[in-house]
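Work through the exercises below with the model open. Each one sets a task and then solves it in steps.

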Amino acid sequence: MKNCSYLQDLFCLDGQVAIVTGASGTGMGLGRQFAIALARAGADVVICARTMKGLEETERLIHEVADVEVLSVACDVSKAEDIQNVVDATIEKFGKIDILVNNAGIGRVKNFFDYTEEDWKYVMDVNMTSMFLMTQACAKHMKEQHYGRIINLGSQNAYGATRCNPIYVTSKGAIRQFTKAVGNDLVGYGINVNSLSPGVFLSEEDSAASTQQGQANEDKASVVINNQPIKRTGKANELDGALIFLASKACSYCVGMDILVDGGITNLIYENPDLVEQYL
């Protein structure tokens with residue numbers, strides 16, 4: 001293909017090492033897709049999540065499409081010692097860290113008065129505290145090589161709040177500010193910190209009408225689907241382009257930026273917040 005060498009130079013990740021948290025394929029399955037996308041772009045990948053079973057499947061899928069090295073590490077990102085173990089294992093095997101994708105996250109949907117302090121602490125630990133600890137631990141190594149790319153997973157919920165999920169929404173709003181602040185702090189060390197915010201994405205499991213939960217998730221998303229400009233949920237691979245851009249040399253002048261990939265729903269959110277009430 002004519003002139004593609006220039007694009008390859010901008011976006012190719014050959015020889016780089018990436019860590020992806022929450023890569024077992026649970027939830028929206030975006031962590032698994034992120035790991036596969038980075039591997040297809042040439043990066044060796046360290047994948048971590050709480051259960052090895054999901055990681056083994058992710059590793060199998062990566063090897064089907066990419067000739068790269070994969071390291072799977074069990075990790076509960078709410079535990080600081082597990083986070084450090086992932087970083088130490090990465091350095092031991094690969095000797096460096098070039099890319100970090102802070103993907104792990106959870107939400108707990110409840111009536112506001114039913115939330116407990118434990119709910120608040122756990123969601124914030126998984127969504128925010130783990131991001132701080134993983135970023136700090138990886139950035140120490142990126143600083144030494146004066147190069148790094150850190151991608152924090154945000155959300156459309158950082159732009160408009162849904163109901164019955166205040167802790168999750170708060171954490172995603174905090175991620176926008178964290179990304180800006182840390183981006184300012186680290187860019188002088190050659191580390192670019194940015195975020196990627198998906199709209200409505202359902203995993204293949206969630207979308208399968210043959211399962212009760214899959215149908216329930218489709219029903220909950222239908223309000224948004226019927227009212228947003230693109231008229232459908234996102235497909236996981238539709239985040240690949242934005243992810244690879246933020247992981248590559250091409251984003252060298254991007255600092256604390258957030259890329260929304262949401263099918264246009266954020267354009268409508270201020271007109272009618274009820275459109276996304278059943279998002280999660």
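**Exercise 1: a helix pair**

The crossing of H2 and H3 is right-handed (the near helix is turned clockwise from the far one by less than a right angle). This is a predicted model, where local features need pLDDT of at least 70, side-chain atom pairs count only at pLDDT 80 or more, and totals for chains, interfaces and linings use all residues. Residues are numbered from 1 along each chain as its sequence is written, and side-chain values use heavy atoms, without hydrogens and water.

Task: describe how H2 packs against H3.

Step 1. The axes of H2 (residues 30-40) and H3 come within 9 Å and cross at roughly 30°. Axes are lines fitted to C-alpha atoms, for helices over the stretch in contact; angles run from 0 to 180 degrees between N-to-C directions.

Step 2. H2 and H3 are therefore roughly parallel (an angle under 35 degrees).

Step 3. Contact means heavy atoms within 4.5 Å. From H2, Arg32, Ala35, Ile36, Ala39 and Arg40 meet Gly54, Glu57, Thr58, Leu61, Ile62 and Val65 of H3.

**Exercise 2: the sheet**

Task: give the strand order and find the edges.

Step 1. The open sheet has 7 strands, ordered S3-S2-S1-S4-S5-S6-S7, with parallel pairing. Strands pair if DSSP finds at least two bridges between them. Strands (E, at least two residues) and helices (H or I, at least four) are DSSP runs, numbered from the N terminus.

Step 2. S3 (70-74) and S7 (258-261) are the edges: each has a single partner strand, so one side of each lacks a neighbour in the sheet.

Step 3. From one strand to the next, the twist averages 15°.

How values were computed
Parallel < 35°, antiparallel > 145°, perpendicular 65-115°, else oblique.
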